[in-house]
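Open the model in a viewer and keep the selection panel at hand. Each stop below gives something to select and then says what is there.

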Amino acid sequence: MAAEDSNLVRRIAFWGIPLAFGVMGLKLLAWWVTGSVALLSDGLESTVNVIAAFIAYFVIRYAQKPADDDHPYGHHKAEYLSAVLEGVLIVVAALLIIREAIPALQNPTLPEAPFLGLAINGLAAIINAAWATLLIRIGRSHRSPALSADGQHIMSDVVTSIGVIIGLLLVLATGYAILDPVLAILVALNIIWQGWKVIAQSVAGLMDIAVSPDEAEAIRQAIKENSEGSLGVHYLRSRRAGAATFVAFDLVVPSKMTVRDAHVICDRLEMAVHKAVPGTRVTIHVEPENEVAHGAGIEFGR
């Protein structure tokens, strides 16, 4: 990741901290003026947003540290750890919501000053929606799992808020106070599902998941168009580690080709792959013709 891109990701992560505090304050204010368990559940999820914002900021700073002797491939995977922890926090928030809602099932009450509370909660949801959209867009374009996970979490918070608002309007329209804690439990179940998705995606990254099909095709095409002088390519593989992408393959060359000529082809291929998928780190194993291929691969014969 370029220095300018790294600075942008770091700045966005930093500003997520005061924004998370502000949104949490609005949601807890909405609960305070209404006494609604559903609004309390929404506010409790926002406390997780604050913790997650702190974690994302410090982990992103660590992940952007340059490679060193102990971590020669960089510190990129630290972002996945942040995303996994955020997923766990999402689930914890859901369990706290359920704990608050179950006692209210036995003694449900209608919320006080409901329209003021809904207006405050609606404002918080609008702020969250705009911020989540920005986080997801920048997280994907700059390959930051921590930012993407934070954005997905906040977007699930937006869905929660919309559900709470609609549910409370139904409570007011029908007069059934029990719908308030029931809605809170439904919200919690949705939050658990969102948390599970964040954890699953992050664990996939920790397990060295391959690049997306579109990126894989772009890499294959770049190799095919720039492998002139070689006899083919096989054993193509890739893995994603946060903002970094690693690609490796075997390049077959004529037995009489000089090291210099093979090096020229390798440089051309590295530049082509990097152009197709920016930020890619390429490792090429050069071998003479008639050698046994290392595992199943993809041939680019001419």
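The tour of this predicted model goes from the annotated spans to a cavity, a pocket and a sheet.

**Stop 1: the annotated spans**

Select residues 12–33, 39–60, 80–98, 118–138 and 158–179. An unreviewed UniProt entry annotates these as "transmembrane region". Now keep residues 39–60 alone: the span is 100% helix and 0% strand, and its end C-alpha atoms are 31 Å apart. Residues 80–98 are likewise 100% helix and 0% strand, with 28 Å between the end C-alpha atoms.

**Stop 2: the cavity**

How many cavities of 30 Å³ or more does the structure hold? There is 1, and the largest cavity encloses about 60 Å³ of space. To see its lining, show side chains for Gly16, Leu19, Ala20, Val23, Asn49, Ala53, Asn128, Trp131, Asp150 and Ile154. By class, the lining residues are 6 nonpolar, 3 polar and 1 charged.

Next, colour the helices around the cavity. Helix 1 (3–34), helix 2 (37–63), helix 4 (114–141) and helix 5 (145–174) each contribute at least two lining residues. Which helix gives the most to this lining? Helix 1 does, with 4 residues.

**Stop 3: the largest pocket**

Move on to the largest pocket, which holds about 480 Å³ of space. Select Tyr80, Pro145, Ser148, Gln201 and Arg240: of the 19 lining residues, these are the closest to the pocket centre. Helix 3 (78–106), helix 4, helix 5 and helix 6 (179–206) are the elements that supply two or more lining residues. Helix 6 has the largest share, 5 residues. The pocket lining divides into 7 nonpolar, 8 polar and 4 charged residues.

Helix 4 and helix 5 have already been coloured at the cavity, where each supplies at least two lining residues. Leave Arg240 displayed, since the next stop includes strand 1 (232–241).

**Stop 4: the sheet**

Switch to a cartoon view and select the strands. An open sheet is formed by 3 strands in the order 1-2-3, with mixed pairing. Why is one side of strand 1 and of strand 3 left without a neighbour in the sheet? Strand 1 (232–241) and strand 3 (280–288) are at the edges and have a single partner strand each, so one side of each has no neighbour there. On average, neighbouring strands in this sheet are turned by 15° against each other, ignoring direction.

Zoom in on strand 1 and strand 2 (residues 244–253), which pair in the antiparallel sense over 8 bridges. To find one register point, select Arg239 and its bridge partner in strand 2, Phe246.

**Stop 5: the helix across the sheet**

Finally, add helix 7 (residues 213–225) to the view. Helix 7 lies across strand 1 and strand 2 and runs at about 145° to strand 1.

How values were computed
Residues numbered from 1 in each chain as written. Predicted model: local features only at pLDDT ≥ 70, side-chain atom pairs only at ≥ 80, totals over all residues. Heavy atoms only, no water. 1 Å grid on protein atoms, 1.4 Å probe; cavity = no way out; pocket = protein on both sides within 12 Å on 5 of 7 lines; lining within 4 Å. Points joined across faces, edges and corners; volume = space filled by probe spheres on them. Nonpolar A, V, L, I, M, F, W, Y, C, P; charged D, E, K, R; others polar. UniProt positions renumbered as here; feature names shortened; annotations may be inferred. Pairing = 2+ DSSP bridges. Axes fitted to C-alpha atoms, helices over the stretch in contact; angles between N-to-C directions. Contact = heavy atoms within 4.5 Å.
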